[in-house]
Amino acid sequence: MNRTILAFIRKELSQSLRDPRMRLVIFVLPIIQMTVFGLAISTEIRGIRLAAVHAPADAAARQLADRFYASGWFVPAAADSQDPYRLIASGRADAVLVAPTGGLTKALGRGPAPVQLLVNAANATKARSIESYAAAVISQAAAPRRRPASAPPPGISLDVRVLYNPAMESSLFMVPGVMGLILCLVTIILTSMSLAKEKELGTFETILAAPLQTWEILLGKTIPYFLLGLADAVLILAAAVVIFSVPVQGPLWMLALATVVFVITTVGVGTLVSTISANQQQAMLGSFLFLFPAVLMSGLMFPIENMPPAIMWVAQLNPLKYFVTLMRDIMLKGGSGQVFAYNLSVLVLMAVVVGATSYRRFRQRLN
């Protein structure tokens, strides 16, 4: 390798790793983030506070409320008031189950009985989950009443087989995406702030005065953070497998190649951010201005298919989207050749475009 580039790499790695706090940020903090994000970000909603408003002698309503609590989704809420609206408004309950007038036991004796469920929809996502959970519980409770034990089974039955995540654990779905998020944080912020720091301290002019080629300076300043990004990728993957038992069903070469191309792309994004930043504060702000939309439009937490068409087109320009798709396909499904080829090709194209744009702007800066 070129001696100039090697000298740059040694200098950048030494500068980044000589401070114990930086070593903590680069190598320890990503594992902590993986653990916290993997545990905190979940599509399941549990611990829903449910209050049941019914007469003490209403056995059917009491049994129905017990079914809700036994489901694992709901927990009893203190019903110190018989006004269901007040329970919701005061925040003491997320949902209130209200028995029909005269009691559920008496109503069932006359036929089908309506039960009201009041749901706090200030959080629309949580409200939809509560409605779905409640419908499932009531459906199970009503099944024995709809069909006598002696009646023949219905003509059509549903046999559900859950593939790739049989236990339907949120961590198996979220962790591969969180890996891409953490790699973005490390590579983009470190790369952009490193180049901005040279401008802020005035050492960038010294580099300009040296008899160096533009590509030597650019590679020397970016390769160290590419190597640090790969090292973080190995640590994050190990944490995902050990802590969350996320499987790696696909071949490791697919995983490695996708990670290498993605890290090249994110380092290029960090370099591009640094070319339009005059100091470290602007570099960090520019990095976060890219990261926040990238995370929201990556499919990490929200399906891209649910987005409006105009926003969906913007999401197609997001490298994190393709990396999240690759990680989930390789780790959970074994790696489809078609999915791998398409998403990797788009990432390679993005790496080339971002790298060329960064080189052009960096060269203009040198001139």
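Student: At what angle does helix α3 run to β1?
Tutor: This is a predicted model, where local features need pLDDT of at least 70, side-chain atom pairs count only at pLDDT 80 or more, and totals for chains, interfaces and linings use all residues. Helix α3 (residues 59-70) lies across β1 (48-53), β2 and β3; helices (H or I, at least four residues) and strands (E, at least two) are DSSP runs, numbered from the N terminus. With N-to-C axes fitted to C-alpha atoms (over the stretch in contact, heavy atoms within 4.5 Å, for helices) and angles from 0 to 180 degrees, α3 runs to β1 at about 175 degrees.

Student: Which strands stand at the edges of the sheet?
Tutor: The open sheet has four strands, in the order β2-β1-β3-β4. Pairing takes at least two DSSP bridges. Each edge strand has a single partner, so one side is left without a neighbour in the sheet. The edge strands are β2 (74-76) and β4 (116-119).

Student: Which residue of β4 stands opposite A95?
Tutor: Strand β3 (residues 95-98) runs antiparallel to β4, and four bridges join the two. Opposite A95 stands V119.

Student: Which helix gives the most to the largest nonpolar core?
Tutor: This core (buried Ala, Val, Leu, Ile, Met, Phe, Trp, Tyr and Cys joined through side-chain atoms within 4.5 Å; buried is under 20% relative accessible area, 1.4 Å probe, protein chains only) has 56 residues. Residues are numbered from 1 along each chain as its sequence is written, and side-chain values use heavy atoms, without hydrogens and water. M34 and M179 have the most contacts inside the core. With 16 residues, the top giver is α7.

Key:
Buried < 20%, exposed > 50% of the residue type's maximum accessible area, 1.4 Å probe, protein only.
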